[in-house]
Number of protein chains: 2
Amino acid sequence: MFETVTMNERCSEKKYAEEAPRLRVKLFEAQRLCIEHRIPLLITVAGVNGAGRGSVVNRLSEWMDSKHLQNHVFWRESDEEKARPRDWRFWRCLPAAGETAVFFGGWYAEPLRAYCCDEVSGHEFNSRMHQCRELEMCLADSGMVLVKFWLHLDEKTHDERLKKRLKHKELLHFTPYDKKVSVNYSGMLSAASKAITLTDRPFAPWTIIDATDARQRDLMVAEAIISAVNRAVAARAAKRQCAEASNAALPEETSAGLGTAGIIPSLNGIDLSSKADPATYKRELASLQHDIRTLSFKAFKRGISTTLVFEGWDASGKGGAIRRVLAGVDSRISRVIPVSAPSDEELAHHYLWRFWRHLPRAGFMTVYDRSWYGRVLVERVENLTPREDWSRAYSEINLFEEQLTANNNILLKFWLHISPEEQLRRFREREATPWKRYKITPEDWRNREKWDAYVQAADEMFLRTSTEYAPWHVIAGEDKKFARLAVLRAVREALRTALANKKK
Amino acid sequence: MFETVTMNERCSEKKYAEEAPRLRVKLFEAQRLCIEHRIPLLITVAGVNGAGRGSVVNRLSEWMDSKHLQNHVFWRESDEEKARPRDWRFWRCLPAAGETAVFFGGWYAEPLRAYCCDEVSGHEFNSRMHQCRELEMCLADSGMVLVKFWLHLDEKTHDERLKKRLKHKELLHFTPYDKKVSVNYSGMLSAASKAITLTDRPFAPWTIIDATDARQRDLMVAEAIISAVNRAVAARAAKRQCAEASNAALPEETSAGLGTAGIIPSLNGIDLSSKADPATYKRELASLQHDIRTLSFKAFKRGISTTLVFEGWDASGKGGAIRRVLAGVDSRISRVIPVSAPSDEELAHHYLWRFWRHLPRAGFMTVYDRSWYGRVLVERVENLTPREDWSRAYSEINLFEEQLTANNNILLKFWLHISPEEQLRRFREREATPWKRYKITPEDWRNREKWDAYVQAADEMFLRTSTEYAPWHVIAGEDKKFARLAVLRAVREALRTALANKKK
């Protein structure tokens, strides 16, 4: 891998004086293109110690329009970061449309350090790199341009610079592991080549640069960014032309009912006749809430977070079920996140960004009233999103939920199901009830007309996102009391299981 | 204070059955009004333990449109919160236009607890309450409706409920101080009466409710919110009518030059002839950067954060100066925040919210390229903001900066000053330099025509916001080198002083 780089290439002061201004113009022209086409640009600057990552970061801030550029260093993890899925700290810093983010080390820094210091096995390191690759693919698919630099030094130069660095005592103060890595040149090099091999992909290629000569290094960095942006813009144009074709190339929707094998739910297969006994309802509800209260406190103490997702028809009783669950959870450790139209900041990011940003801390219970599944439901049925994008969302959602459920955290996904007739009855009822009237909008009536399209979308959603770690619970909601008890039972069950699994 | 409440009032089940539906309708009609008029609504629910604060919070989520309502509990401080000014955790949860936030305890919970447990002196408690009042005034001025509830119980009822509570062992687990407060009924009561007396103001009144009877309690809560919103809407209408009058009632702008007394800078009084010796520039710059590097690491280690604000004319050299400062600071502990047009999320909040949300953690150096002073500069000169609002901003900014500089944190405010002639020269130069051309916009030319208006605005800004803890540094920028050295010297000086002051 490293042989591909011509080493020890030098750039004379004279040549630099000619080249730099030319590249500088091209570089911010590239940045202008990003702004114009609303392309987010993510630049990762990694490399061996002393190769001048910091200088490159500063040079980019100098050469590019700093009004649209942010540097991010992922150094010490704050407890808010520790208490959330691993990638949360990266998601919160991802560039918006037209913005440039420079990641110092990015998501490679920590795994590289840990592997080079023998803190993780080669196996762990590999799977970590696979996750990096999947994340990068997910971002690239959404239109982000990813440029990754590895700044290389031969051992001799590296060691010479290390000696110089060691004079800056404070550096050692503040990055305790710095030294440990620095002295292990070969370890870092093998870790790096492994990482590069595993994550060097067309959608997020690595550019390896001999950083011995600072001028040469900076010119090569600029060139790589410029060509990456231009390639991306060209690709966009090409893609727009054959958008039709590429859509046609996508597999047909799975026809509704594919799940009727039984393992995967399918709406038309749901028995809506189930009812709760009104006599015992109150008693069971109370005891469920009492248990959930105790269990949720235990989960909090053990740092197990619970995420509940509620989807389903309008008027299917989501709000009522949510209130019954939360009546049993201390409001200090629970939160409802109603999902409605995204803000412009949210629209400028990957569609999952708005959910990442609100992820609860460890131990909390967070309830999403509607969720990221809007991507494959309303956005699909209403044609708000190109088919290519929503059909890609299934796997993106699975990856997202994989992180949500890591470390024994709980994720429950509920679909409250009712018949069109029952919905009509409830709409009428709402219109008759003063404090429910506001819940009924013309849109609700329009959605009713698309009932079958939603059934098809929901069934495909169940099929593609019912993972082992996060299955769908389709609840018969024709009888509200029955539905509420079913939901609360599932929550209690999940809490009990998680508490039993979790090693103390 | 507490005598004003009719105690032990009861609400029969029958009366409740009649009243509740009526109030419920009115309540969400009030919420609809907030959404329609884009009024943020902040409801604080405080009270003695066992009075049912949690039940009230849940009841509100049930009665109001939960899609526009968020509950917030300020419980254990995360380290990200600890590492920022005290009010940061509240600002990040403030409701946006049209949204409702229910604060469980709000900014009163912690001071009340601490005072009732004798952890803070009466003096400290008083000044804390003054700060709460000032914050509430600042929010009310920006159009927020604040409703504050104190749920009261007589000692007998309180003690009975405490006994019941103590059966919930887990409660004691999770809120270690709960018990300590609960048993100290009289202490909490005197703390509360003190807090209420000090913060019961027309713009943020307290409603004291006898919480003995849950039904009565909930009805009174609903009524208070409804009338508060209706009063606010009426007030708005009235205000719109006499907007002219109220503007006229404001004091005249201070004419430029008022500051020439010498203590406060005034632009026309600035000597622009100063130049740096080109021969020694490089050397001094290097040594300044070296010192700043070492000092900034020390400051980081000691948790002293540095905030640098750069204002000044277009092309006055802000960007260049910023780069020279940061060249001396490790990019892991520094950050630039370029301030441009606000997002819609930001526009939906108090104008300071967008700055609060980006505040750095303790120990970091954050550079604002333009800042909250836009409120009294561009927004004033371009008439983007009513006079009433920008003229109020001076004191709001002073309060904000008081928190920024608490605990010996550093805040430096630089105005880079140049002559109109020099600006013209630089504009032309930029147009001639390819990679600077993008920096010149038609707007820059328009701003030039308003030079005198900006001078007046700047001078009044210096006058009203040059506080002892955060004075303005007006830098003669005609000679870029001179300006850069002056800025770096000020930064080094400030770091040295702070490090000397800070007790280890």
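**Two copies, two parallel sheets**

In chain B, five strands line up in the order E2-E3-E1-E4-E5 to make an open sheet with parallel pairing. Strands here are DSSP runs of E with at least two residues, helices are runs of H or I with at least four, and both are numbered from the N terminus; two strands count as paired if DSSP finds at least two bridges between them. The edges of this sheet belong to strand E2 (69-73) and strand E5 (206-210) of chain B, each with a single partner strand, so one side of each has no neighbour in the sheet. Neighbouring strands are turned by 20 degrees against each other on average, direction ignored.

A word on the ground rules. This is a predicted model, in which local features need pLDDT of at least 70 and side-chain atom pairs count only at pLDDT 80 or more, while totals for chains, interfaces and linings use all residues. Residues are numbered from 1 along each chain as its sequence is written, chains are lettered from A and ligands numbered from 1 in the order in which they are written, and side-chain values use heavy atoms, with hydrogens and water left out.

Back at the edge of the chain B sheet, strand E4 (residues 145-152) runs parallel to E5(B) and is joined to it by five bridges. Trp150(B) has Ile208(B) as its bridge partner in E5(B). Helix H10 (residues 185-199) of chain B packs on the sheet and touches E4 and E5 of chain B, with its direction at about 155 degrees to that of E4(B). Angles like this run from 0 to 180 degrees between N-to-C directions, with axes being lines fitted to C-alpha atoms, for helices over the stretch in contact; contact means heavy atoms within 4.5 Å.

Further along chain B sits strand E8 (residues 365-369). Five of its five residues are buried, so E8(B) is largely enclosed by the rest of the structure. Buried is taken as under 20% relative accessible area, exposed as over 50%, and partly exposed as in between (1.4 Å probe, protein chains only). Met365(B), Val367(B) and Asp369(B) point one way from E8(B), Thr366(B) and Tyr368(B) point the other way, and all are buried. That fits the usual pattern, since in a regular strand the side chains alternate between the two faces of the sheet. E8(B) pairs with strand E6 (residues 306-312) of chain B, which runs parallel and is joined to E8(B) by five bridges; Phe310(B) is partnered there with Asp369(B). Strand E7 (residues 334-338) of chain B also pairs with E8(B) in the parallel sense, over five bridges, and Arg335(B) has Thr366(B) as its bridge partner.

Chain A has 23 helices and ten strands. Its C-alpha atoms fill a box of roughly 85 × 55 × 40 Å along the principal axes, and buried residues make up 56% of its 504 residues. Of the contacts in chain A with a separation of 6 or more, 83% come from residues 24 or more positions apart.

Chain A also has an open sheet of five strands in the order E2-E3-E1-E4-E5, with parallel pairing. Within this sheet, strand E1 (residues 41-47) and strand E4 (residues 145-152) of chain A pair in the parallel sense over seven bridges, and Gly47(A) has Leu151(A) as its bridge partner in E4(A). Helix H11 (residues 214-241) of chain A packs on the sheet, where it touches E1, E4 and E5 of chain A; the helix direction makes about 160 degrees with that of E4(A).

Phe90(A) lies in helix H4 (residues 88-91) of chain A and is buried, with a relative accessible area of 6%. Leaving aside neighbours within four places in sequence, Phe90(A) is in contact with Phe74(A), Phe103(A), Gly106(A), Trp107(A) and Arg128(A).

How do the copies sit together? Chain B can be laid on chain A with an RMSD of 0.0 Å by a turn of 180 degrees and a shift of 0.0 Å along the axis, which is the relation of a two-fold axis. The superposition is by least squares on the C-alpha atoms of residues with pLDDT of at least 70 in both copies. The contact takes 53 residues from chain B and 52 residues from chain A. Of the interface residues of chain B, 98% are also interface residues in chain A, so the copies meet through the same surface. Between them, chain B and chain A bury about 5,000 Å², 59% of it on carbon and sulfur atoms; buried area is the accessible area (1.4 Å probe) that two parts lose on being put together, summed over both. Six salt bridges are counted between the chains, each a side-chain nitrogen of Lys or Arg within 4 Å of a carboxyl oxygen of Asp or Glu. One of them joins the side chains of Glu80(B) and Arg92(A) (3.3 Å, N to O).
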